[in-house]
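Biologist: Pick one part of this model and walk me through it slowly, please. I'd like one connected story, with the cut-offs spelled out as you go.

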Amino acid sequence: MRFKKPVSNYNLLEWSDFTTESSKHLVAYDENDVVSPYSFMKAFLESNPLIDSTNYFDAGHERIIKSPVMIQDLIKILG
């Protein structure tokens, strides 16, 4: 087990209901992610239209958080 936690720990639907404007979220993802397949992310995003999302293409699952492009996007959002 690479992350030492069961997959069930990463069920986003258990983290928030994502149903109100006050529960705004930004999801950063990589369409080519081999850890979290895009088919799951696509279905999740389609069923939760209040979530803002950005595809950081080829950033890599564990590297998205360090992506210079994502960091700039976060600075703009938090600005």
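Modeller: Let's start with strand 1, residues 26-29, which has two unlike faces: Val27 and Tyr29 sit on the covered one, Leu26 and Ala28 on the uncovered one. In a regular strand, side chains alternate between the two faces of the sheet. Helices and strands here are DSSP runs, numbered from the N terminus (H or I over at least four residues for a helix, E over at least two for a strand). Before going on, a word on provenance: this is a predicted model, so local features need pLDDT of at least 70 and side-chain atom pairs count only at pLDDT 80 or more, while totals for chains, interfaces and linings use all residues. Residues are numbered from 1 along each chain as its sequence is written, and side-chain values use heavy atoms, with hydrogens and water left out.

Now the neighbour: strand 1 pairs with strand 2, residues 52-55, in the parallel sense over four bridges (two strands pair if DSSP finds at least two bridges between them). Leu26 stands opposite Asp52, and Val27 has Ser53 as its bridge partner. Put helix 1, residues 38-46, into the picture and the two strands plus that helix form a right-handed β-α-β unit. Right-handed means that, with the strands pointing away from you, the path from the first strand over the helix to the second runs clockwise.

So what does helix 1 turn inward? Met41, Phe44 and Leu45 are its buried residues (buried is under 20% relative accessible area, exposed over 50%, partly exposed in between, with a 1.4 Å probe and protein chains only). They share one side of helix 1 because they cover an arc of only 95 degrees around the axis, the arc being that of the directions from the helix axis to the C-beta atoms. Ser39 and Glu46, on the other side of helix 1, are exposed. Strand 1 and strand 2 are among what covers the buried residues of helix 1. As one example, Met41 touches Val27 and Tyr29, leaving aside residues up to four places away in sequence (contact means heavy atoms within 4.5 Å).

That brings us to the largest nonpolar core, six residues in all: Val27, Tyr29, Met41, Phe44, Leu45 and Ile51. Such a core is a set of buried Ala, Val, Leu, Ile, Met, Phe, Trp, Tyr and Cys residues joined through side-chain atoms within 4.5 Å. Strand 1 and helix 1 each supply at least two of its residues, and helix 1 gives the most, with three.

Tyr29 deserves one more look. At 12% relative accessibility it counts as buried, whereas Tyr38 is partly exposed at 24%. Rings of Phe, Tyr and Trp (its six-membered ring) pair if their centres lie within 6.5 Å; planes under 30 degrees apart are stacked, over 60 edge-to-face, the rest tilted. By that rule there is one aromatic pair. The rings of Tyr29 and Tyr38 have centres 5.6 Å apart and planes at 20 degrees, so the pair is stacked.

For the wider setting, the protein chain reads β-α-β-α along the sequence, and buried residues make up 23% of its 79 residues.
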